[in-house]
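Student: I should like a close look at a single part of this model, with every criterion stated.

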Amino acid sequence: MGSEWRLRLGLMTPEELGEMLDVAPETLREWRRLKQGPDYVKTGKGVMYREQDVRDWLQRNVVP
């Protein structure tokens with residue numbers, strides 16, 4: 001999927017999200033395996049993260 005379409009659809013690659021959260025893509029892979037990270041979308045053999053799902057996950061993980 002081209003980067004223009006990804007931006008229009010609000011999708012991020014694991015590399016982009018990892019950079020944003022300051023974690024390695026391997027950490028995101030482990031979170032997916034453990035069902036601990038943000039929701040994600042399977043795209044063929046790949047994975048994409050929707051911006052809204054990331055926002056929701058961050059909100060759910062606020063520590064008072």
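Student: Which side chain of opposite charge is nearest to Arg-32, and how many Å away is it?

Tutor: The model is predicted, and local features need pLDDT of at least 70, side-chain atom pairs count only at pLDDT 80 or more, and totals for chains, interfaces and linings use all residues. Residues are numbered from 1 along each chain as its sequence is written, and side-chain values use heavy atoms, with hydrogens and water left out.

The nearest side chain of opposite charge is that of Glu-15, 8.1 Å from Arg-32. Lys and Arg count as positive and Asp and Glu as negative, while His and the chain ends are not counted. Arg-32 is buried yet has no salt bridge. Buried means under 20% relative accessible area, exposed over 50%, and partly exposed in between, with a 1.4 Å probe and protein chains only. A salt bridge requires a side-chain nitrogen of Lys or Arg within 4 Å of a carboxyl oxygen of Asp or Glu.

The surroundings of Arg-32 come next. Leaving aside residues up to four places away in sequence, Arg-32 touches Pro-14, Tyr-40, Val-47 and Tyr-49, where contact means heavy atoms within 4.5 Å. The charged end of Arg-32 sits over the ring of Tyr-40, 5.7 Å from its centre. For this assignment, NZ of Lys or CZ of Arg must be within 6 Å of the ring centre and within 35 degrees of the ring normal. Elsewhere, Arg-8 lies over the face of Trp-5, at 4.7 Å from the ring centre.

Arg-32 belongs to helix H3. Helices (H or I, at least four residues) and strands (E, at least two) are DSSP runs, numbered from the N terminus. The buried residues of H3 are Leu-28, Trp-31 and Arg-32. They cover an arc of only 100° around the axis and therefore lie on the same side of H3; the arc is that of the directions from the helix axis to the C-beta atoms. These buried residues pack against H2, strand S3 (46-50) and H4.

The structure holds two aromatic pairs. In one of them, Trp-31 and Trp-57 are tilted, at 5.4 Å centre to centre and 40° between the planes. Trp-31 lies in H3 and Trp-57 in helix H4 (residues 51-60), so the pair ties together parts that are 26 residues apart in sequence. Rings of Phe, Tyr and Trp (its six-membered ring) pair if their centres lie within 6.5 Å; planes under 30 degrees apart count as stacked, over 60 as edge-to-face and the rest as tilted. Trp-57 counts as buried because its relative accessibility is 12%.

H2 supplies Pro-14, one of the contacts of Arg-32. In H2, Pro-14, Leu-17 and Gly-18 are buried. Their arc of only 105° around the axis puts them on the same side of H2. What covers these residues includes strand S1 (11-12), H3, S3 and H4. Glu-15 and Glu-19 are exposed, on the face of H2 turned away from its buried side.

Two loops remain to be described. Asp-22 lies in the loop between H2 (14-21) and H3 (25-34), and its phi is positive, near 60°. Because its relative accessibility is 71%, Asp-22 counts as exposed. H3 is followed by Lys-35, whose phi is positive, near 55°. Lys-35 is in the loop between H3 and strand S2 (41-43), and counts as exposed because its relative accessibility is 75%. Most residues other than glycine have a negative phi.
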